[in-house]
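User: I've got a model open and I'd like to understand where its labels come from. Can you walk me through the reasoning?

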Amino acid sequence: MYLEEKHLEKAKEIVLKHRKKRSCKKCYDRGYVGLTLENTLVVCDKCIDIDQAMDEWKEYVKLDEKLVEDFHDLFEEEPQEEGAEEENKEHEGEE
Ligand SMILES: [Zn+2]
């Protein structure tokens, strides 16, 4: 898939709304550090609240059937309200 330019523009808008810092050297205040081959944003993890931005992006994606298809894996990971169990990740120490 290849994200259409108009959706990319929207994605940029969304990430900028969720910036946590005013100035960022990593992304030069763009909110993203580059583009993927699919023309989606590589969001800057230094200054963007990625969870919040993702939530808003999902809401936007839901409005467009084509986008829902393209981004179906975004929705598969949504936690189920019922019987959701926290996964306990065990850290196998490397230190
Ligand atoms: Zn940044």
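Analyst: Sure. Let's start on the outside of H1: the face turned away from its buried side carries the exposed residues Glu5, Lys6, Glu9 and Glu13. Keep in mind that this is a predicted model.

User: And which residues of H1 are buried?

Analyst: Those are Ala11, Ile14 and Val15. Seen down the helix axis, the buried residues of H1 fall within an arc of 95°, so they line one face.

User: What covers the buried residues of H1?

Analyst: The cover includes strand S1 (32–35), along with S2 and H2.

User: How do you know what span to expect for H1?

Analyst: The rule is 1.5 Å times one less than the number of residues. H1 has 13 residues, for which 18 Å is expected, and its first and last C-alpha atoms are 19 Å apart, so the value is close to the expected one.

User: Now H2. What makes its buried residues line one face?

Analyst: First, the residues: Ala53, Trp57 and Val61 are buried in H2. Looking down the axis of H2, you find its buried residues within an arc of 80°, and therefore they line one face of the helix. The face turned away from that buried side carries exposed Asp51 and Glu59.

User: What covers the buried residues of H2?

Analyst: Helix H1 (5–17), strand S2 (41–43), helix H3 (65–70) and helix H4 (72–76) are included in that cover.

User: Why is Met54 called partly exposed?

Analyst: Met54, which is found in helix H2 (residues 50–62), has 17 C-beta neighbours inside 10 Å. Buried takes 20 or more, and exposed means 12 or fewer. The count of 17 falls in between, so Met54 counts as partly exposed.

User: How far is Met54 from Ile14 in sequence and in space?

Analyst: They're 40 residues apart in sequence, while their C-alpha atoms are 8.7 Å apart in space. Ile14 is one of the buried residues of H1.

User: Zooming out, how many helices and strands does the protein chain have?

Analyst: It has 4 helices and 2 strands, and from the N terminus on they run α-β-β-α-α-α. Of the 95 residues in the chain, 17% are buried.

User: And what share of the contacts is between residues 24 or more positions apart?

Analyst: Among contacts with a separation of 6 or more, such pairs account for 46%.

Definitions and conventions
Residues numbered from 1 in each chain as written. Predicted model: local features only at pLDDT ≥ 70, side-chain atom pairs only at ≥ 80, totals over all residues. Arc of directions from axis to C-beta. Contact = placed C-beta atoms within 7 Å.
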